[in-house]
Amino acid sequence: MRNLKRTLSLALAAVMLMGMMVVGAGAASKDFTDASEIKNVEAVDVMVALGILEGGDKGDFQPNTILTREQAAKIITYMLLGSDAAEKLTTNSAVFKDVAADRWSAPYIGYCVNLGILAGDGNGNFFPEGKLTGAAFAKMLLVALGYDAKIEKYVDNEWVINVATDAIAAGIVPSGLVLTDNLSRQDAAQMAFETLKADMVKYDGKGSVTVGDITINQNASAEKIAASSKSGYKTSGNDEYQQFCEKYFTDLKLNENSNDDFGAPASKWTYKNKVVGTYAQAADATYSEEVQSKELYSDLGLDTTVKADVIKDGKTEGTFTIQKGNTTDKIGGKGIVVNAYADDKNNVTLVVINTYVGEVSKVTAAKGDEKAYVTVDGMKYETENFAKDDVVLYTKADGVIQSMALAEKVEGVEVTRVNGTSSFVADGTTYKFNSNVTFSDDVKVDSVLDLYLDSYGYVMKVDVSKASSDYAYVVDTGASKGIYSNEDNYYAKLVLADGTQTEVTVDGDKLTGSGFDDKKGNLDNLKGDIVEYTKDSKDLYTLKHVAEHATGKVEIKKGESAMTFGSGSGNTKYANSKTIFIVQSGTDSKATYATYTGYANVPSMNSSNGTYTVFCKSGDVATIVFVSGVATSSKDIVYVLASKAGVKVNDSDAGTYWEYKAVVNGEITTVKMNKEITGNDSKDVLYSSISYADKDNEILDTAACVPYTTDKGDNYALKDKQVTAEAKDGIIGIGGTNYALSSEVELYAVTTKDKIETGALADVAKNATVTAIVKNGEVVAIFYGVTDEGPIGPGVGDTYSVSLAKDQDVSSTLKLTVKSTNDSDNAKFTYKVFAFKLGANKDTAIEVSAGENTLANGAKTVEAIKNTSNDQVYYVVVTVGGETLTTSTVIGG
């Protein structure tokens, strides 16, 4: 069928559709750091799954690197022998002068030479690092399929033509590949992949035989090998011939009647019963703009009206009428992909895929068996390729993210014309919004914008362009009168938009006024205001007033765009992700300035009598905001390990400060404090707001940091509370009250070795002592103590305590220790050992061992269980002296 509306851009095909078309935990291509460069996704995934190809040491695949002769030898060897046998190949002698016996590729080169697949130059050289053309690799693959190089004349002057003819006939040359060009790794993967599905051949004759002066031609020709009695590699639709994979990879299977997560017809590969990936089949027509019913009718070559099934983002959405001449019914839109699939019976499926835009709110590193992932719009996506606050495009199917890519950003374009809500012109280019995105109110003539585009160039997101360093807050001004008028000097102390404090000389010729006093007065009037500045080659500054300071109501809520300044009409302004906030703490010589970028990062502030200056370059969207005289409160979470002595540092520039281990908004790090945390405060502390003591915003002001409140409200802390019910079904009991657990609850383990580590919910056992943060009724963070073996808290009674730990001398063995507060206690105790699978709930535990013993002088350590497994979690319940105590959980192994 015709593909008249195939408008997918190269960027989308290479970046976004890779994720759309590939589903399955085994899909390897998306895990490479250069996944966006891999176009032959299905081929790479299958070849990696078979062990024929692998990535580099840095986690990349290098898809566009040219294949070398020795790399090709390895591919062919692994295809013929399989990875296990190929890895065991060795050689004790050099096959060629330039291939030493201990060269990594020597066994593979020797193997291919022995089979007649490769040869040297006739002078003893092989040139292992020589680049390989598509034709040369095709010859190797044909020989692997059973073609005889001599009979098929792959060795004479016409070898390229002969190879190309047979390779195309065999179906191992991808469409568009030029065989005489050097071959990239991903194109080599594609050719090898096609070879897996190609027919094996054999010869009935022996070819030409020469006896004396007589040549006998036996007319040998390659014949396809009949399939064995065993089933073929496809789940259905196998032919009568044997394909390469049926001979060499019998565990490789293909289901051509599957569907991907978007609902598109797809091919599903499995190897050794493990899913490699699911890959959408090529659509009969593809659209990225709105398409009329009549166009679909024509493009799909239909001859009757059809009710097409519509699947949108993986969910069934009813039907769509495809009818000749119908211009009323339409589907899709700007930047919306519509893939049309039609079978021979005129059954049509329309698969609609939307692109969404979001910001990365959280980056979670890999831990154990858990892969790294990012969180966008509350959804998780496994990847290591993005940073916090990245603006990304993503697709999703049935609420699960399927693909993700950085949005293309166009910075600092000035709008010159707005055409209603259909389009606008900025810096000479006409832009339209993606059909799923509402036209932004920020798009106004003369506004300067940052645009985020989808793969078709449609606008997904608009930000008012970030305030550049040519805006400043005026802290103070000064002037000195010279003997002559041209010797008058004017000065200003500024806080720049990046938080830098600087003292500058102002160009007196650019100040308004007729003399020194007038100019000085006009300069003094700028104090407390925001100015736009320029600097000449002599470092003289010209200051232009843009916003005046005022006093009154200030209300800023972290994470919210709307802000209130003053009272009356027009008092509401809006922040975006690029708005610069300068917040002053202290006054006069003790004043310090903290800067924040974006409404997501600025702390909340609320005062009926604060000082503020707000500059909006475009409409009511604030470019830069200055606030002073207002206490800050924050929804941040800053946990400082103050129970451990800070490290005192004497810095020649920064002065004396103390370093403490800490967690700052989800990042395990260190903080610098200008004063040591001592006395009653020398416990681990939680701050809801932090203030800096230095102009560089590196050292925290210990006295000015605001501890978390324990008073119940929208955002408060539960400090040093006991877990009264372990987490189950999204609920945890703390201090006798049940709380909902956030789906993104953050857990941190504070170890006895003065470390803070990422924790696990399974370790937060009943009776453990924890500190937790509650926001809007949900527990969003939990801090708990651990020993080297497990959490602190469980196993402590009035008289006895119990603990479970790994035996340091005997592997996979756990030891139970029971202690009494009475050193002469010789009480008997019984114990039961329980285990549950790592990652499961504790209530799934089963009893795996039991025993009894007696204390000796108030203590006893016994071998509780041997041969533990590292995928199981263990704990022990002990009964002693009328008390029943439970140990912490410990992972086996």
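# A guided tour from aspartate 260

Begin by selecting aspartate 260, which sits in the loop that runs between strand S6 (252–259) and strand S7 (265–271). The model on display is a predicted one. Aspartate 260 is buried but takes part in no salt bridge. Lysine 268 carries the nearest side chain of opposite charge, and it is 12 Å away. A salt bridge requires a side-chain nitrogen of Lys or Arg within 4 Å of a carboxyl oxygen of Asp or Glu, so the 12 Å to lysine 268 does not qualify.

What does lie beside the side chain of aspartate 260? Display the backbone nitrogen atoms of phenylalanine 262 and alanine 264. The nitrogen of phenylalanine 262 is 3.0 Å from a polar atom of the aspartate 260 side chain. For the backbone nitrogen of alanine 264, the separation from a polar atom of that side chain is 2.9 Å.

**The loop after S12**

Move next to lysine 324, located in the loop between strand S12 (315–322) and strand S13 (330–331). Is lysine 324 buried or exposed? Its relative accessibility is 65%, and therefore lysine 324 counts as exposed. Add serine 293 to the selection: its C-alpha atom is 7.4 Å from that of lysine 324, although 31 residues separate the two along the chain.

**An open sheet**

Now colour the five strands that form an open sheet, in the order S18-S17-S16-S19-S20, with antiparallel pairing. At the edges stand strand S18 (379–382) and strand S20 (400–406); each has a single partner strand, so one side of each lacks a neighbour in the sheet. On average, and with direction ignored, neighbouring strands of this sheet are turned by 45 degrees against each other.

Within the sheet, select strand S16 (residues 356–364) together with strand S19 (residues 391–397), which pair in the antiparallel sense over four bridges. Tyrosine 356 can be picked out here, standing opposite tyrosine 394 in S19.

**Charged pairs**

Side chains of opposite charge can pair when their charged atoms come close. The model contains 21 salt bridges in total, and several are suitable for inspection.

- Select lysine 197 and glutamate 194, whose side chains form a salt bridge at 3.3 Å, N to O. Lysine 197 is partly exposed, at 27% relative accessible area, whereas glutamate 194 is buried, at 18%.
- Select lysine 557 and glutamate 555, a salt bridge in which the closest N and O atoms are 4.0 Å apart. Lysine 557 is partly exposed, with a relative accessible area of 38%.
- Select aspartate 620 and lysine 573, which meet through their side chains in a salt bridge of 3.3 Å, N to O. Aspartate 620 belongs to the loop between strand S36 (604–615) and strand S37 (624–628), and lysine 573 to strand S33 (residues 572–574), so this pair ties together parts that are 47 residues apart in sequence. With 36% relative accessibility, aspartate 620 counts as partly exposed.
- Select Glu70, Arg103 and Glu129, which are linked in a network of salt bridges.

**The whole chain**

Finally, return to a view of the full protein chain, which has eleven helices and 59 strands. Which share of its 893 residues counts as buried? The figure is 47%. Among contacts between residues at least 6 apart in sequence, 57% join residues at least 24 apart.

Note on methods: Residues are numbered from 1 along each chain as its sequence is written. This is a predicted model: local features need pLDDT of at least 70, side-chain atom pairs count only at pLDDT 80 or more; totals for chains, interfaces and linings use all residues. Side-chain values use heavy atoms; hydrogens and water are left out. Helices (H or I, at least four residues) and strands (E, at least two) are DSSP runs, numbered from the N terminus. Buried means under 20% relative accessible area, exposed over 50%, partly exposed in between (1.4 Å probe, protein chains only). Lys and Arg count as positive and Asp and Glu as negative; His and the chain ends are not counted. A polar contact is a pair of N or O atoms within 3.5 Å; within protein, one must be able to donate a hydrogen and the other to accept it, and residues adjacent in sequence count only if both atoms are side-chain atoms. Two strands pair if DSSP finds at least two bridges between them. Axes are lines fitted to C-alpha atoms, for helices over the stretch in contact, and angles run from 0 to 180 degrees between N-to-C directions. Contact means heavy atoms within 4.5 Å.
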